[in-house]
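Open the model in a viewer and keep the selection panel at hand. The stops below go from the whole chain to the sheet and then to one helix.

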Amino acid sequence: MSLPASGTALSFRKTLTVADQGFFTGISGNLGALYVDRLKAQALGQPDMVVFELAAGALFTTALNRIAGPQWRIAGFALDFAKPLALNTSFEARAEVEGSSPDALTFVLTGLVGTETVATGSARLVPVQG
């Protein structure tokens, strides 16, 4: 099995839409007003409903999988969001290999809106078998 080199990076970008929000509401069961009620979100000072942080975070899994491949699975995942993301925001999920061994891959995660860093974190992948 070939291991990705430290410094290998990949980004996945997606605009998070009302349809994405609806799907995630159905999956999560989260009916928090900030996420599903435009008027209440605006009353709380947001320009629109706020994107589910876990939905935005899920975009990192695409970058992780494309770097590591199907023989690896997520064992650890941590994210910090500096601010809420408004619906219809284009979010870039960037994963960069920090460490690489047959037992684990570690990653630095960076979430961007344009050039602004809005999320930071880490991930650890382990082999599916082992």
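Start at the outer end of the sheet: select Arg 13 and, opposite it, Glu 92 in strand E3. Before going further, note that this is a predicted model, in which local features need pLDDT of at least 70 and side-chain atom pairs count only at pLDDT 80 or more, while totals for chains, interfaces and linings use all residues. Residues are numbered from 1 along each chain as its sequence is written, and side-chain values use heavy atoms, with hydrogens and water left out.

**Whole chain**

Show the whole protein chain as a cartoon. Four helices and five strands make up its secondary structure, and from the N terminus the elements run β-α-α-α-α-β-β-β-β. Helices (H or I, at least four residues) and strands (E, at least two) are DSSP runs, numbered from the N terminus. The C-alpha trace spans about 50 × 30 × 20 Å along its principal axes. Of the 130 residues, 36% count as buried; buried means under 20% relative accessible area, exposed over 50%, and partly exposed in between (1.4 Å probe, protein chains only). Among contacts with a separation of 6 or more, 65% are between residues 24 or more positions apart, a contact being heavy atoms within 4.5 Å.

**The sheet**

Now select the five strands. They form an open sheet in the order E1-E3-E4-E5-E2, with antiparallel pairing. Two strands pair if DSSP finds at least two bridges between them. Strand E1 (9-15) and strand E2 (72-81) are the edges, each pairing on one side only. Neighbouring strands are turned by 20° against each other on average, direction ignored; the axes are lines fitted to C-alpha atoms, for helices over the stretch in contact, and angles run from 0 to 180 degrees between N-to-C directions.

At one edge, E1 pairs with strand E3 (residues 90-100) in the antiparallel sense over seven bridges. At the other, E2 and strand E5 (residues 116-127) are joined antiparallel by nine bridges; select Asp 80 to find Thr 120 of E5 opposite.

Next select strand E4 (residues 105-113), which runs antiparallel to E5 and is joined to it by nine bridges. In this pair, Thr 106 stands opposite Arg 124. E4 and E5 form a hairpin with two residues between them, and Gly 114 in the turn has a positive phi of about 65°.

**Helix H1**

Move to helix H1 (residues 18-28) and show the side chains of its buried residues, Gln 21, Phe 24 and Thr 25. They lie on the same side of H1, because they cover an arc of only 105° around the axis; the arc is that of the directions from the helix axis to the C-beta atoms. What do they pack against? Add helix H2 (33-36) and helix H4 (53-68) to the selection: the buried residues of H1 pack against both. On the face turned away are the exposed residues Phe 23, Gly 26 and Ile 27. Just after H1, Gly 29 takes a positive phi of about 75°.

**Gln 21**

Finish by centring on Gln 21 in H1. Its relative accessible area is 5%, so Gln 21 is buried. A polar atom of its side chain lies 2.6 Å from the backbone oxygen of Val 50. Leaving aside neighbours within four places in sequence, select the residues in contact with Gln 21: Tyr 35, Val 50, Val 51, Phe 52 and Leu 87.

Definitions and conventions: A polar contact is a pair of N or O atoms within 3.5 Å; within protein, one must be able to donate a hydrogen and the other to accept it, and residues adjacent in sequence count only if both atoms are side-chain atoms.
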